[in-house]
Amino acid sequence: MNVSSFLPPLLALTLAPLLLGVTNRTKALFAGRAGAPLLQAYHDLWKLLRKGTVYSNVTTWVFRAGPVVGLGAMLAAIALVPLGGCRSPISFEGDLLLLAYLLGLARLFTVLAALDTGSPFEGMGASREVFFSALAEPALLLGLVAVSRETGSISLSGINQAISLHVWGHSGLVLGLVAVVLMIVFLAENSRIPVDDPNTHLELTMIHEVMVLDHGGPDLAFILYGAALKLWMLGSLIVGLVIPFHFGIPALDLTVAVAGMIALAVALGVIESTMARLRMMRVPELLIGAVTLAGLALVLEHGGVVS
Amino acid sequence: MKSLIDPLLVVVALLNLAMLVTGRLRACIRLAAWQGVALGVLALPLSHDGVGFRLVAVAIITIALKGWLFPTLLLRATRTADVKHETEPYVGLAASAMAGVGMLMLSVWLGSRFELPVPTTSPLVLPMAFFSVLVGLFLIISRRTAVMQVVGYLVLENGIFIFGVAMAHEEPFLVEMGVLLDVFVAVFVMGIAIFHISREFDHIDVDQLSTLRD
């Protein structure tokens with residue numbers, strides 16, 4: 001393990017909220033508004049951290065544990081995901097399963113905390129979150145399995161190192177399909193349009209926001225920061241897949257990767273500005289479509305059907 | 001040119017999957033049209049000895065028939081027959097998609113089991129041919145509107161076409177054209193039939209056709 005492997009998590013911890021700013025700026029540009037400052041997310045976090053918290057009498061320790069466990073799981077997940085050719089600090093064979101389970105753990109505690117409030121409103125959001133993520137998870141895992149078979153490595157760092165222009169050259173079809181799958185998972189897991197709108201608080205449609213309505217102060221800051229880290233983490237999977245350049249110089253690689261992340265945030269803003277949100281009943285079809293594409297990628301890869 | 005084959009076959013597969021999850025009739029017809037265009041282009045890079053006149057003719061006729069004429073006929077049939085906009089599936093769209101994955105895996109397995117006397121140009125040819133045939137059959141049995149049955153028939157025929165194109169240099173030109181002509185007549189007749197059915201009855205729901213009597 002060398003020093004450069006600590007750079008990806010460090011970048012994630014410092015730059016993750018910036019992505020939200022970039023996305024919001026892009027959306028503002030499309031809407032013809034000036035938009036919030038790029039560093040708005042940092043200001044929000046700082047503001048929330050200085051506040052106190054209020055807990056309802058009917059909640060138990062589960063409600064308090066929700067944000068902490070969620071953030072902890074995201075921090076652990078950040079330590080697993082490599083960026084721009086740098087290995088992640090923690091990497092072992094099969095760590096992509098741990099990544100999926102950490103996402104699941106964070107989700108479980110968010111859902112439990114939402115249910116713990118006893119509000120039917122939050123229960124509704126919890127139900128939606130569980131339903132949609134149950135469909136997004138097989139897509140994520142099948143996609144990652146297809147790439148790991150393609151690159152012959154079952155750790156995220158290994159996959160990231162193995163992807164090169166050469167791999168894209170002879171099996172670009174599989175990687176392209178997986179990139180699309182990861183993009184759909186990225187949109188769904190981060191509650192983005194077309195699955196969910198992070199800006200509106202319309203009770204009929206929101207998924208993630210409804211579950212955190214009763215959190216305030218530092219707890220809410222933890223949740224927001226955790227969400228930003230999740231955005232960064234899933235984003236860096238996509239960037240690692242579609243930017244196959246490794247120069248061997250950590251500084252250069254990381255600059256390219258961070259530029260890729262910013263470009264992804266801009267792309268996210270463009271998607272959110274140009275697409276309408278899907279009807280609630282249509283979301284499962286989108287996610288099953290992603291599972292289908294991942295299945296196609298796996299089938300194409302299997303036995304080297306694509307030579 | 002050879003490197004075009006695999007992407008085109010994957011495009012065909014993706015269009016199959018898209019047709020399984022599309023709830024809109026017109027969108028489905030357009031997807032079938034794009035599949036026809038993809039098949040026409042597919043005829044070009046398959047030959048072992050360069051692009052000859054025969055293959056160009058097959059490609060042009062295929063694109064003209066499958067990519068333009070059939071969809072135009074079907075779209076006109078939907079307009080004149082005043083069909084509803086939905087495909088009205090018996091099997092839900094999400095379940096159709098999962099069935100699509102199942103059919104894909106089955107066809108890849110089948111493709112790996114078959115031994116052809118002639119070497120195919122790409123290992124994807126056979127699986128994708130089977131996949132299109134299966135999806136076509138599935139569309140025929142799982143959709144309620146008569147127009148979707150025609151679309152399913154077209155997809156099924158597209159599968160047979162892939163199979164035929166894979167052996168384009170073994171197969172006489174006339175056979176190819178004969179098949180295309182058959183399909184053309186079939187779609188023509190079906191279009192007219194749909195039109196007449198819709199004029200006699202106020203729907204083209206095939207579920208209700210079974211209760212017809214004189």
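**Exercise 1. Is A:Phe63 buried or exposed, and which kind of aromatic pair does A:Phe63 form with A:Tyr55?**

Step 1. A:Phe63 has a relative accessible area of 2%, so this residue is buried. Buried means under 20% relative accessible area, exposed means over 50%, and partly exposed lies in between, using a 1.4 Å probe and protein chains only. Before going on, note that this is a predicted model: local features need pLDDT of at least 70, side-chain atom pairs count only at pLDDT 80 or more, and totals for chains, interfaces and linings use all residues. Side-chain values use heavy atoms, without hydrogens and water, residues are numbered from 1 along each chain as its sequence is written, and chains are lettered from A and ligands numbered from 1 in the order in which they are written.

Step 2. Rings of Phe, Tyr and Trp (its six-membered ring) pair if their centres lie within 6.5 Å; planes under 30 degrees apart count as stacked, over 60 as edge-to-face and the rest as tilted. Over all chains, the structure holds three aromatic pairs. One of them joins A:Tyr55 and A:Phe63, with 6.0 Å centre to centre and 90° between the planes, and is edge-to-face.

Step 3. The partner A:Tyr55 counts as partly exposed, at 25% relative accessibility.

**Exercise 2. Which parts of chain B does the pair of B:Phe114 and B:Phe130 tie together?**

Step 1. Start with the geometry: B:Phe114 and B:Phe130 form an edge-to-face pair, 5.2 Å centre to centre with 65° between the planes.

Step 2. Now place the residues. B:Phe114 lies in the loop between α4 (93-113) and α5 (125-142) of chain B, and B:Phe130 in helix α5 of chain B, so the pair ties together parts that are 16 residues apart in sequence. Helices here are DSSP runs (H or I, at least four residues), as are strands (E, at least two), numbered from the N terminus.

Step 3. Look at the surroundings: B:Phe114 is partly exposed at 44%, whereas B:Phe130 is buried at 19%.

**Exercise 3. What span should helix α3 of chain A have, and where is its kink centred?**

Step 1. The expected span of a helix is 1.5 Å times one less than its number of residues. For the 20 residues of helix α3 (residues 61-80) of chain A, that gives 28 Å, and the end C-alpha atoms are 28 Å apart, which agrees.

Step 2. The helix has a kink of about 25°, centred on A:Pro67. The bend at a residue is the angle between axes fitted to the seven residues ending there and the seven starting there.

**Exercise 4. Which residues do salt bridges with shared partners join to A:Arg107 in one network?**

Step 1. A salt bridge is a side-chain nitrogen of Lys or Arg within 4 Å of a carboxyl oxygen of Asp or Glu. By this rule there are nine over all chains.

Step 2. A:Arg107 meets A:Glu137 in a salt bridge of 3.8 Å, N to O. The two sit in distant parts of the chain, A:Glu137 in helix α5 (residues 120-151) and A:Arg107 in helix α4 (residues 95-116) of chain A, 30 residues apart.

Step 3. A:Arg107 also forms a salt bridge with A:Glu189, with the closest N and O atoms 2.8 Å apart. A:Glu189 belongs to helix α7 (residues 165-189) of chain A, 82 residues from A:Arg107. Both A:Arg107 and A:Glu189 are buried.

Step 4. Salt bridges that share partners join A:Arg107, A:Glu129, A:Glu137, A:Glu189 and A:Lys230 into one network.
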